[in-house]
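Reader: I would like a close look at one part of this protein. Pick a residue, show me what surrounds it, and then set it in the wider fold.

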Amino acid sequence: MISRRTFGAGLALSAVLRAGPSLAQGANPDTLKVALLPDESASTIIQNNQGLKSYLEQGLGKRIELVVTTDYSSMIEAMRFKRIDLAYFGPLSYVLAKSRSPEIEPFAALVSGGQPTYTSYLIANVAAGIARADDVKGKTVGFGDTASTSSHLIPRALLKNAGLEAGQDYSFQHLGTHDAVARAVQAGHVQAGGLSRPIFTALVEKKSIDPAKIKVVAESRPIPNYPWTVRGDLAPDLKEKIKAAFLEIRDPVILKPFKAESFASITDADYDVLRETAKLLNIDLTKVKG
């Protein structure tokens, strides 16, 4: 059960985010605002990450406030205006954030299966007659958020490589979340869709979707995983302590909400593959809402 205290803290943080850049603290603040991906309800995310909060408070000697914004776009803007100090982005949302706030620094990425990478699936309703990516021609595809890596950019690239252009060879809808895409494909509201392999696997394990009604049509090459980022203007010694703290996490209770085995060092150059993919698709990242 979510305590009133935890729920109230989430509401208070929402107010902080709305208050404006004047609340941004200096290079070595007493309190670090740590933003987490808004992929579930804010209260659930905050509750699930109390272990991370305690770990960072003990390791860094600072107060930690967990922040969950309403969507990717507000998270990017919060980082741009220095309303948050650390942020856990999706790969593409990080690239978008970096394009608007060049000073932010990625320092650690989620490790799963022994690698700081993951893959994207193109899935289809079993009754839709889709056996390969090029069979999507003439069908409707469900994508997630426009700023999603594995639920938009990468599955769209998979279709591009199969000779299919979005809006010309197939229609598409943005459905918001990965699980919404999976449910829409299962129900036949769209014939195909894109989402991350880890989320698809988790949905099957939780029996949220029926694998008898959905088939995997294609899988992408490895994608650099979700990065932790930090404000570039924080004190250098503080940034080093933050990086070390994440690289040393081994507690499965802390790692479980991220579906991670650990976190590994990463640099901005690791995400150039996403910039190149966007260029291949003629997507202007400066105009992507995210």
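Author: Buried residues make up 50% of the 290 residues in the protein. Buried means under 20% relative accessible area, exposed means over 50%, and partly exposed lies in between (1.4 Å probe, protein chains only). This is a predicted model, in which local features need pLDDT of at least 70 and side-chain atom pairs pLDDT 80 or more, while totals for chains, interfaces and linings use all residues. Numbering runs from 1 along each chain as its sequence is written, and side-chain values use heavy atoms, with hydrogens and water left out.

The protein has 11 helices and 13 strands. Both are DSSP runs numbered from the N terminus: helices are H or I with at least four residues, strands E with at least two.

Let us take threonine 140. It sits in strand β7, residues 140-143. Its relative accessible area is 18%, so threonine 140 counts as buried. Beyond its neighbours within four places in sequence, threonine 140 touches two stretches of chain. One set of contacts is Ser171, Phe172 and Gln173. The other set is Val190, Gln191 and Ala192. A contact here is a pair of heavy atoms within 4.5 Å. Such links across the sequence add up in the protein. Of its contacts with a separation of 6 or more, 78% join residues 24 or more positions apart.

Now the whole of β7. Thr140 and Gly142 are on one side, Val141 and Phe143 on the other. All four are buried, leaving both faces of β7 covered. β7 runs parallel to strand β8 (residues 171-174), with four bridges between them. Two strands pair if DSSP finds at least two bridges. Threonine 140 has serine 171 as its bridge partner in β8. From β7 the chain passes through helix α6 (residues 149-161) to reach β8, a right-handed β-α-β crossover. Right-handed means that, with the strands pointing away from the viewer, the path from the first strand over the helix to the second runs clockwise.

β7 also pairs with β9. That pairing is parallel too, over two bridges. Here valine 141 stands opposite alanine 192.

Follow β9 (residues 192-196) and you reach strand β6. These two pair in the antiparallel sense over five bridges. Serine 120 in β6 has serine 196 as its bridge partner in β9. β6 has a second antiparallel pairing, with strand β10 (residues 214-219), again over five bridges. In β10, isoleucine 214 is the bridge partner of asparagine 125.

β6 itself covers residues 120-125. Six of its six residues are buried, so β6 is largely enclosed by the rest of the structure. Ser120, Leu122 and Ala124 point one way. Tyr121, Ile123 and Asn125 point the other way.

Next, a helix. In α3 (residues 50-60) the buried residues are Leu52, Leu56 and Leu60. Viewed down the axis of α3, they fall within an arc of 40°, so they line one face of the helix. That arc is taken from the directions between the helix axis and the C-beta atoms. Residues three or four places apart point the same way because an α-helix has 3.6 residues a turn. The cover over the buried residues of α3 includes β1 (31-36), β2 (63-68), β12 (227-230), α9 (236-247) and α10 (252-255). After α3 comes glycine 61, with a positive phi near 65°.

β12 and α9 also share a ring pair. The rings of tryptophan 228 and phenylalanine 246 have centres 4.5 Å apart and planes at 45°, so the pair is tilted. Tryptophan 228 belongs to β12 and phenylalanine 246 to α9, so the pair ties together parts 18 residues apart in sequence. Both residues are buried. Rings of Phe, Tyr and Trp (its six-membered ring) pair if their centres lie within 6.5 Å; planes under 30 degrees apart are stacked, over 60 edge-to-face, and the rest tilted. The count comes to 13 aromatic pairs. One aromatic cluster includes Trp228 and Phe246, along with Tyr88, Phe107, Tyr118, Tyr226, Phe258 and Phe263.

Two loop residues deserve a look. Most residues other than glycine have a negative phi. Lysine 82 has a positive one, near 60°. It lies in the loop between α4 (72-80) and β3 (86-88). Its relative accessibility is 30%, so lysine 82 is partly exposed. Lysine 259 also has a positive phi, near 55°. Its loop lies between α10 and β13 (262-265). At 48% relative accessibility, lysine 259 is partly exposed.
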